[in-house]
Structure formats: structure tokens, C-alpha cells
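This dialogue is a short tutorial on reading a protein model. The learner asks about one feature at a time, and the teacher answers.

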Amino acid sequence: MVYVFSDWTQKLLIDGRRVDALSGRTFDTVDPSTGNIIAKIAEADASDVDKAVRSARKAFEGDWRRMRANERGLLLLKLAELIRRDEDELVSLESLDSGKPVSAIRRQDLPAVIDTLVYYAGMADKINGQVIPARQDALTYTVREPLGVVGAIVPWNFPLMIGMWKIAPALACGCTVVLKPAEITPLTALKIGELALEAGLPAGTLNVVPGFGRIAGQAIVDHPDIDKVTFTGSPTVGRQILQGAAGNLKRVTLELGGKSANIIFPDADLDAAVKAAAAGIFFNTGQVCSAGSRILAHESVYDEVVERLAARASTVRIGDPRDSSAGMGPLVSEVQMNRVLDYIDIGRKEGARLVAGGNRHGERGFYVEPTVFAGVEHEMRISQEEIFGPVATVISFKDEDDALRIANGTVYSLAAGVWTADIGRAHRFTRRLKAGTVWVNTYGPTDIRLPWGGTRDSGFGREHGEEAIENFTEPKAVWINTGR
Ligand code: NAD
């Protein structure tokens, strides 16, 4: 193992300063395209989290709370400007740490991060209450107040973008934040923390504490002075967070997994449908919570869909994420690669037919071939469980009822797609699909203005849009006795 940056150690960011962990411990972060160690990261534990929470509380009660809302918005705009200035560095760091192709980060993640900041910057001074004339003898109204200190726990598949989905609305609302990035992708979160200071955010407004989930993450969940936990990750950890949050009854938003169905009817534009279906599962090496991992094709077009999808899979350019022509990079870690390979093995044993991929690609780095399984039965594990890798399962259906039974027949409800030229059918499906987002004749786009989230094992609450403002504020009712 070599250090990409020899003796490069990244410290925690607490109270406006880069500091070592109180324990002095560090952990390594690894480049998934080579397996090489990139840097040592200071490892936060409960005592560092406590320090960060105290700092966030001080900032919340002090400078941040007293600042006018439009000034908070201006600081977020300044942060967006600095992110644009340092785009090259952020793109490189994100790619190095996560294995995401630089071209995809530049095209998708970075613009989404800036869009998120600009959107919530504009909303900071538009968080209004209501006058509700309840009685003749009183002036009764509401104001929306910031919740306080927010713990943001983020996964590794879109470290920058999902981090910003939490930071931007929380700060716009006047909350302060303790951010814990995933232990395998901590680099860009630390950089964002530094840029926030440079933009002029007061010390303690945004603290960044990389560390392990069961230690630093759990410390956030258990901390009695954190008012809200916003979490994106797996359903297993989501359940643990709910239990931990019971301690001080902190509020929780959970964005969890998915096993989304992408349904193709015979009247669809098959070229467009198959192209989108391939992108829907191979984008980000399948490490997307809303990946269209179950492709449901009507029996009359099933063979054609399978054949075209397999052909597309074989043309995906697997490569070094730093090479701008790479279409698909490695999985994020060796653990994730082995998990995906195990699922491919399970699919074979369950009797599904492998029509593309199925193997590790190369011997260096954590690459897996784009993989397509045909002959998949709804009850198989590869059709029910989230694989979180470039593995498409193609399932045949007979009619609309059959398609709905299969599409709605997992524990998840995050997203779904339907491809049809029949407008009535499109509306029937948007009504009857259990999903937080339904795409019609497209698959996968998201926009910060639209609510994002799911139900059941996909979690609860919504991020994005005006919904996020409710996540970080609560209404206060005011009753002023005026007399008659
Ligand atoms: P994970 O749940 O293992 O980890 C997510 C984060 O939680 C990490 O920062 C981790 O350190 C932390 N964590 C782990 N254990 C913890 C604990 N006991 N207490 C507090 N924090 C803890 O998930 P992952 O492997 O990082 O990400 C993959 C999962 O995330 C998939 O299931 C995927 O579907 C889901 N995901 C969902 C969305 C969405 O918007 N719904 C987006 C991305 C990822």
C-alpha cells in the first residue's frame, strides 16, 4: 500500500478549527480504483462528537441565530461560489475517494450541489408563519423556528450531493450542523467544511466529524443535545437510529434503500426505454438508492428487452474514474464488491439466467462487470433484496395487474418508472405504484425543487423542496390577548 499523498492526514473540523481526534486515533481512506491508501483521517469518537455538539449549540444560540435570514442566504450563496471556484479539486477528491467517474461528478453531482445551495439560499428569508384568526379577542399566529442542532449522517454513494441535501436546508433554516460523512468517503465533506468557514459561516455552524458509524454515528444519535438526526443509508441502520433517537425523542428523517421497478409496456418507445433502463441500473455502478434494479418487461417484448439490455451492458466502458471516457468506475470498496459478487452467485444458484457480465473486472481495484439476469422470478432474493451494484434483474409480466403486483411487491417504496404511450395507463400507474417518485417515459432524474423520499423500508419524511424546511423548523403558536 502506498499513500497517494505521503503523510497526508486530514483532521476533524470542530468549532472552526482543524483538530486531531481527542483519542489521537486515525483511520485510512482508500482509492477504490487501485486499493491504495489515499490519506489518514482523524477518527472521531463520542468525545469529539460531544465537542462538536457543544460548538454547534454555542453557534446556534449565538451568531447564527442572531443573523438576519437574508444574510444567512448570502453566506450560502458565497459558499456556492467557492465550490464553483474549487470545482476541480472537489471533483478530484470525490472521484479519488469514491471511485465515481470525474465526468459524472462534473456533469451531475457538482451542479446539483450548487443548485441545492442556491435554492435554499433563496429560501432562507422566505420561511414564514401564518396569521390564523382563531378568536375575536386575540391576535393568533404562528412563526417557524429553527429546530436547533442537527446531526447529519451521510452515506458514501453521493457524498457531496447527499451531504449538501442536508446541510443547505438546515443552515438556511437557522440550524447548526454536526456532519458525519461515511467512513469510506470523508474527504469532500472536510473540504466543504473549510469552504464554509472561508465563506464566512461562524465557527461551529458546520462541524465535520469523520468516523465509524457504530462509534461517531451512534454518538450523534445518542447525544442528548442534538435536536434532529437526518440520515441517509441502509434500513438496518435506519432502525438503529430510530431506537437511539428515543432517548431524548429527537426528530428523525430517514432516506433508506430501494428496489425500484422500471416497467416497460409493449407500446413504449423501446429504444428510449432500454437506454434509460441501462442507465438506471449502471449509473454510479448501481450504487444508487433509486436504481431501477428490477426491469419489468411485458411478456410480448421480454426477449427483445433482454437482448437489447445485454447488448448495452457489454458496451459500457469500465475504466479508471479519472479517465474522462470512463462510463463506469469501480464499486466503492472491497466489501461492497464482494457483496455484489455474492449476490451474482445467489442469482445463479436461484436459477436466473446470466445474459451479461457476472464477474469481477480485472484484478486491481474493485470493479464488477455490468450484469444482467434474465428469467428472474419475483420471489427470488435477487429480485427482492437491494444489491447496490451494477446488477439488473429482468422480470416478465402478463398484464397491468401482474405488473403492479410485482412492482409493489417488495418492502421498499422509493421510486418507480413506467414506459407507455397510453396516457390513461400512465395515470393509472402513477396512482397505484407505491413509490415516493414515479417517472413516466424517463428514469432517474431528480431536482431539488421536488420532494424526495419513500415509505416502508425506504424510510420516512421527505428531503428537497419546501418539505425540507419543515424538517428543520417547527411552528410556534402565538396568542396575544387583545380584549374585545
Ligand atoms: P449505512 O447505513 O451502512 O451507512 C450510512 C451512514 O450511517 C454512514 O455514515 C455510516 O457510518 C453511518 N452509520 C452506520 N452505522 C451507524 C449507527 N449504528 N449509528 C449511526 N450511524 C451509523 O449505509 P451505506 O452502506 O453507507 O449506504 C448504502 C445504503 O444507503 C443503501 O441501502 C442505500 O439504498 C441507502 N441510500 C439511500 C438513499 C436515499 O436517498 N434514500 C441515498 C443513498 C443511499
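The turns below take up the overall form, two sheets and the ligand site.

Q: What kind of model is this, and how are its residues numbered?

A: It is a predicted model, in which local features need pLDDT of at least 70 and side-chain atom pairs count only at pLDDT 80 or more, while totals for chains, interfaces and linings use all residues. Residues are numbered from 1 along each chain as its sequence is written, and side-chain values use heavy atoms, leaving out hydrogens and water.

Q: How many helices and strands are there in the protein?

A: The protein has 16 helices and 22 strands, taken as DSSP runs numbered from the N terminus (helices: H or I, at least four residues; strands: E, at least two).

Q: Which radius of gyration would a compact globule have with 484 residues, and which has the protein?

A: The rule for a globule is 2.2 Å times the number of residues to the power 0.38, with the radius taken over C-alpha atoms. For 484 residues this gives a value near 23 Å, and the protein agrees, with 23 Å. Its C-alpha atoms fill a box of roughly 70 × 65 × 40 Å along the principal axes.

Q: In what order do the strands of the open sheet of 7 strands stand?

A: Strands of a sheet pair through backbone hydrogen bonds, either parallel or antiparallel. Here the order is β14-β15-β16-β13-β12-β18-β19, with mixed pairing; two strands pair if DSSP finds at least two bridges between them. Since β14 (353-356) and β19 (437-440) each have a single partner strand, one side of each is left without a neighbour in the sheet. Strand β18 (residues 415-419) runs parallel to β19 and is joined to it by 4 bridges; A415 has T437 of β19 as its bridge partner.

Q: Which helix packs on the sheet?

A: Helix α11 (residues 302-315) does, touching β12, β13, β14, β15 and β16, where contact means heavy atoms within 4.5 Å.

Q: In what order do the 3 strands of the other open sheet stand?

A: Their order is β1-β5-β4, again with mixed pairing. β1 and β5 (residues 37-42) pair in the parallel sense over 2 bridges, and T9 has K40 of β5 as its bridge partner.

Q: How many residues surround the ligand, and which are the closest?

A: A residue counts if one of its heavy atoms lies within 4 Å. There are 28, the closest being V154, E183, S234, L256 and E386. An oxygen atom of the ligand is 2.6 Å from a side-chain N or O atom of S234, and a backbone N or O atom of V154 lies 2.8 Å from a ligand oxygen atom.

Definitions and conventions
Axes fitted to C-alpha atoms, helices over the stretch in contact; angles between N-to-C directions. Polar contact = N/O pair within 3.5 Å; in protein donor to acceptor, adjacent residues only side chain to side chain.
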